[in-house]
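Please open the model in the viewer and display side chains as sticks. The tour proceeds by selection, with a description of what each selection shows.

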Amino acid sequence: MLAVLGGLSLLLTRLGHAGAFEIEAMKHDIQQITAPKFDGIIGKFRDNTVSGLWFYKDDSAEDKKFLNEFNQVALDLKGMAKVTAINCNDWKAFCDKQNIKTTPSVMIYPPNPMPAFLYEGKMESKAIAGKMSKLMADLSVKLTDANVDQFLTTEPTKPKVIIFSNKKTPPTILKALSSETVFRRTVKFGFVTESDAEICKRFKVTTFPTLIMQRGSKSEIKETYKGEMKFTAIKDWVNLHSESGMGDKVSGAGGKEEASIEESKPWLVQEIPELHQKSHQDICFKGEGLCVIYLTGAAATPAEIDMLKGLSQKFTSQLSDRGAKMKWMWMNVGTETTFKELFAPSQLPSAVVFNPHKRLRFTKMDHGEDGEVKGDAVAVQALVDKVLGGDARFTMVPGQKLPGWATRAEPAKKAEL
């Protein structure tokens with residue numbers, strides 16, 4: 001009975017408003033709310049979501065003029081933020097409690113713990129949408145040459161979505177995607193600017209914006225987004241794979257735990273990775289093929305990596321129809337001193353081709369009697385050609401047991417929040 005009387009009261013009130021306007025669900029993108037539904041629509045989502053609430057009176061000429069302006073905010077932020085309105089003629093007590101003195105007024109509710117506040121800027125869609133966008137949490141990672149491999153290989157069960165942009169700061173769409181209730185747990189988002197030329201080159205990105213997703217335990221599955229650059233469409237695309245981010249471990253055969261999601265394996269996505277204790281199984285000893293190991297006395301230089309990339313691509317193309325496989329990598333024998341003793345290069349840089357299957361054996365670069373053959377691209381190619389031609393002489397690893405690997409410092413763990 002009380003509900004009927006309440007509804008009748010609202011109806012009579014509306015009939016008394018001469019020239020009143022309405023927010024129509026089929027016509028407008030603004031979400032109309034009532035006082036009893038405030039907590040269910042805005043309050044309960046304060047931890048993750050930015051909301052804007054327009055306090056209006058449906059018989060006010062100023063509010064009527066503001067309708068299209070605020071509806072544009074709802075259109076611009078559709079799916080990314082809650083853009084709502086409440087009629088103070090219907091819910092006067094609620095508006096009074098919020099200390100609303102005039103309409104139109106807009107209250108903005110940032111994510112907790114920031115308090116709600118009355119918007120005091122220009123009552124224009126661009127300004128209001130901009131204010132709300134700035135308050136969105138950004139859980140994406142700014143990618144650089146230094147962290148991109150770690151980003152791609154940490155938490156392998158989670159798809160990685162990278163936005164390449166000609167803007168200097170993350171766009172609103174990226175902020176909204178990265179902080180979305182489900183995605184914040186199941187997907188990792190990265191941001192790359194056009195000025196990060198090396199990363200753009202690596203991913204073959206030449207137009208902006210571009211969205212790329214990589215997934216799989218070795219980030220081996222790559223997909224470029226082809227749809228509209230709109231939040232809802234992108235969200236649907238990402239959502240197809242977000243389920244794979246659930247869980248804390250990667251399972252091996254028989255469901256056996258194999259790796260923590262926190263373990264980073266950058267060598268899985270590097271074209272020319274470093275060979276060391278943690279990487280040697282993944283990049284050399286597992287799977288088919290011979291290992292071409294470039295030996296250096298320190299970290300390989302960018303020029304050396306580029307040289308090895310060129311050789312790797314050349315031989316991959318040549319061997320594609322022969323069933324042979326070469327896996328390319330480098331080793332710092334200044335650190336891995338026991339391997340330096342095993343391979344005994346007469347100078348550095350040098351190279352060996354290692355057969356890790358059945359009987360462990362290797363053949364190494366011949367630098368000439370007077371050391372005239374340098375460890376450059378020509379010499380590495382000659383070594384590989386010699387192996388492929390069947391003319392190389394291999395040396396057995398003593399005792400068929402690898403030397404001990406150098407112990408390396410563990411990276412610092414993230415501090416607990």
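The stops below concern aromatic rings and nonpolar cores in a predicted model.

Begin by selecting the aromatic residues: the structure holds 18 aromatic pairs. One of these is formed by W54 and Y56, whose rings are tilted, with 4.8 Å centre to centre and 35° between the planes. W54 counts as buried because its relative accessibility is 0%. Y56 is likewise buried, since its relative accessible area is 3%.

Next, select F339 and W405, a tilted pair at 4.3 Å centre to centre with 35° between the planes. Which parts of the chain does the pair link? F339 lies in helix α13 (residues 337-343), while W405 belongs to the segment after β17 (395-396), and the two are 66 residues apart. Both F339 and W405 are buried. Extend the selection to F285, F343, F354 and F362, which form one aromatic cluster together with F339 and W405.

Now display K82 and F45: the charged end of K82 sits over the ring of F45, 4.4 Å from the ring centre.

Return to W54 and add F70, L77 and M132. Within the largest nonpolar core, which has 41 residues, these four touch the most other members. Helix α3 (residues 61-76) gives the most to this core, contributing 5 residues. Centre the view on F70; beyond its neighbours within four places in sequence, F70 is in contact with I30, G52, W54, V83, T84, V106 and I128.

Finally, select A300, M307, L319 and V380, which are among the 23 residues of a second, separate core.

Note on methods. Residues are numbered from 1 along each chain as its sequence is written. This is a predicted model: local features need pLDDT of at least 70, side-chain atom pairs count only at pLDDT 80 or more; totals for chains, interfaces and linings use all residues. Side-chain values use heavy atoms; hydrogens and water are left out. Rings of Phe, Tyr and Trp (its six-membered ring) pair if their centres lie within 6.5 Å; planes under 30 degrees apart count as stacked, over 60 as edge-to-face and the rest as tilted. Buried means under 20% relative accessible area, exposed over 50%, partly exposed in between (1.4 Å probe, protein chains only). Helices (H or I, at least four residues) and strands (E, at least two) are DSSP runs, numbered from the N terminus. A charge sits over a ring if NZ of Lys or CZ of Arg is within 6 Å of the ring centre and within 35 degrees of the ring normal. A nonpolar core is a set of buried Ala, Val, Leu, Ile, Met, Phe, Trp, Tyr and Cys residues joined through side-chain atoms within 4.5 Å. Contact means heavy atoms within 4.5 Å.
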